[in-house]
Every structure is written in C-alpha cells, then in structure tokens.
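User: Could you walk me through this structure? I would like to go through it in questions and answers.

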Amino acid sequence: MESLFNISIQQIIEFLGTFAFAISGIRHAAAKNFDWFGGYVCGIAVAIGGGTIRDVMLGTTPFWMTNPFYMLCTALALVLVVAFAKWIEPLKNAWFVFDTLGLALFTIAGIQKSIMLGQPYWVAIIMGCITGAAGGVIRDVLLNNEPVIFRKEIYAMASVLGGLAYWLVMHIDNRVELAVTISFAVTCTIRALAVRYHLSLPKLKQLIAEE
C-alpha cells in the first residue's frame, strides 16, 4: 500500500492538474444540468483523458491506474463544487482560472513524463499539448459542445508555446525548476491574453477567401 502513495514531483503536478481540470469539467456538467454521477464522469474525462491518450501513445500504463489519488482528487472536486456551489457560482472567472491552471500543469506533466521515457523534445511538446488539451475535447464531446480547441480562442497553441518555452529554458540553462516556472507562466499568460483581448488564429475560411 505504501508504494501506491509514494508521491513524486511529477505526481504532485498531475494531482494539481487533475484537481483543477476536474473542477472545470464538473462545472461544465452542472451548466448542462447533469446529476452528480454525470458531473463526476465529466470531471474524470477532462482530468485523465489527455494523460491517458498520452500514456497509451507512449506505451506505458495510464497514470491514473498506478495511484488512487487521481480518482480521489476528482471525487474531492465534486464534493467541493456541491458543498460550496452557493458561494462559488457567482465567481464566473474562477472556472476560467481552473481550466487555465489545468492546461498549464498538464502541459508540463506531459512534457516531463515524455522526457522521462526517453522521448525527444519535439515529441514531448506534442505530448504536453495532448495531455493539456485532449481531456477538454472528450469533455466537450460528452457535453455535445464544440471542442474548445476548435473555437476562435487560443487554447492548444498556448500549450504548445508553453512547451516551447520549457524546451528553450532547458536548452539554455538546463534547470528543471526554472523551466517548469517559465512554461507555466507562458501558458497561463498566453491563454489569459487571448481571452482578454479576443486573440485568435486566422480562420481557414478567411484564408481561402483571401486567395
């Protein structure tokens, strides 16, 4: 049993990301009037979906199957959302914060796990993006919403740029703590600026029309 609860830095980042994403997923489910179980399923989908796809692609056991904390994190998130719904419901911006934190934390977790398994940085950056963004796609499909990565707001690209920042810092300085800090800041900042100033990539229709 002790080995199940042996926590590493990698796991701490994944726990925090799981909790942040779980709250985001549960809130989206609440907006669709799902019951508690439906909320838990949506929370799980966004919290472990991206990491599961990453681990399957990397040929390793999905992270949530090696430690029960991830399931417990989502259950705790559900309890907190239900218990404090009256107080947190007016805090609309809080949901954006949780989603952004989850994106940044899981981007870092995906990069670090890929590097740990001997993958080159270009693969690690892709895995970081999948870890951070794919869970949201699964959640949106379950909720019958247009996936957030296909909307005009910059989302997955914030993850990619955060991953590039991680690689750049490691290439220049080779300090993991600094790389984690800067990657987290870059991902959160780009996501926040994109929402605040309505920044987006050009639409395909616009590009075709210009030609």
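User: Happy to start with one side chain: how accessible is Phe69, and what class does that give?

Analyst: Keep in mind that this is a predicted model. The relative accessible area of Phe69 is 22%. Buried would need a value under 20%, and exposed one over 50%. Phe69 is therefore partly exposed, at 22%.

User: Which type of ring pair do Phe63 and Tyr70 form?

Analyst: The two ring centres are 4.8 Å apart, and the planes meet at 85 degrees. An angle over 60 degrees counts as edge-to-face. So the pair of Phe63 and Tyr70 is edge-to-face.

User: Are Phe63 and Tyr70 buried or exposed?

Analyst: For Tyr70 the relative accessibility is 1%, so this residue counts as buried. Phe63 falls in that class as well, and both residues are buried.

User: How many aromatic pairs are there in the whole structure?

Analyst: Nice one to ask after looking at a single pair. Searching the whole structure gives a number of aromatic pairs equal to five.

User: What is the geometry of the pair between Phe15 and Phe69?

Analyst: A ring pair is described by the distance between its centres and the angle between its planes. For Phe15 and Phe69 the centres are 5.3 Å apart and the planes make 55 degrees. Stacked pairs have planes under 30 degrees apart and edge-to-face pairs over 60. The Phe15 and Phe69 pair is tilted.

User: How many residues apart in sequence are the parts that this pair ties together?

Analyst: Phe15 sits in helix H1 (residues 9-31), while Phe69 belongs to helix H3 (residues 69-83). Phe15 counts as buried, at 10% relative accessibility. Because the two rings lie in these two helices, the pair ties together parts whose separation in sequence is 54 residues.

User: Which residues make up the cluster linked by ring pairs?

Analyst: Two of the pairs have already come up, and their residues are part of the cluster. Its members are Phe15, Phe21, Phe63, Phe69, Tyr70 and Phe106.

User: Which residues is Tyr70 in contact with, leaving aside its neighbours within four places in sequence?

Analyst: Tyr70 is placed in helix H3. Its C-alpha is 9.4 Å from that of Gln11, and the two residues are 59 apart in sequence. With sequence neighbours within four places left aside, Tyr70 is in contact with Gln11, Glu14, Phe15, Thr18, Phe63 and Trp64.

User: Is Asp99 buried or exposed?

Analyst: Asp99 lies in helix H5 (residues 92-116). Beyond neighbours within four places in sequence, Asp99 is in contact with Phe21, Ser24, Arg139, Tyr155 and Arg191. Its relative accessible area is 7%, and the cut-off for buried is under 20%. Asp99 is therefore buried.

User: What accessible area does the nonpolar surface patch with Met157 have?

Analyst: Met157 is in helix H7 (residues 156-172), and with a relative accessible area of 34% Met157 is partly exposed. The patch is formed by Met157, Leu161, Leu164, Trp167, Leu168, Ile172 and Leu201. Together these residues have an accessible area of about 630 Å².

User: What radius of gyration does the protein chain have, and how does that agree with a compact globule?

Analyst: The protein chain has nine helices and zero strands, and 44% of its 211 residues are buried. Its C-alpha trace spans about 55 × 45 × 30 Å along the principal axes. For 211 residues, a compact globule would have a radius of gyration near 17 Å, so the protein chain agrees, with 17 Å.

How values were computed. Residues are numbered from 1 along each chain as its sequence is written. This is a predicted model: local features need pLDDT of at least 70, side-chain atom pairs count only at pLDDT 80 or more; totals for chains, interfaces and linings use all residues. Side-chain values use heavy atoms; hydrogens and water are left out. Patches are made of residues with over 30% relative accessible area and no salt bridge: like charges are joined within 9 Å, nonpolar side chains (Val, Leu, Ile, Met, Phe, Trp, Tyr) within 5 Å. Accessible areas come from the Shrake-Rupley method with a 1.4 Å probe; for residues, only the protein chains shown count as cover. A salt bridge is a side-chain nitrogen of Lys or Arg within 4 Å of a carboxyl oxygen of Asp or Glu. Helices (H or I, at least four residues) and strands (E, at least two) are DSSP runs, numbered from the N terminus. Buried means under 20% relative accessible area, exposed over 50%, partly exposed in between (1.4 Å probe, protein chains only). The radius of gyration is taken over C-alpha atoms; the globule rule is 2.2 Å times the number of residues to the power 0.38. Rings of Phe, Tyr and Trp (its six-membered ring) pair if their centres lie within 6.5 Å; planes under 30 degrees apart count as stacked, over 60 as edge-to-face and the rest as tilted. Contact means heavy atoms within 4.5 Å.
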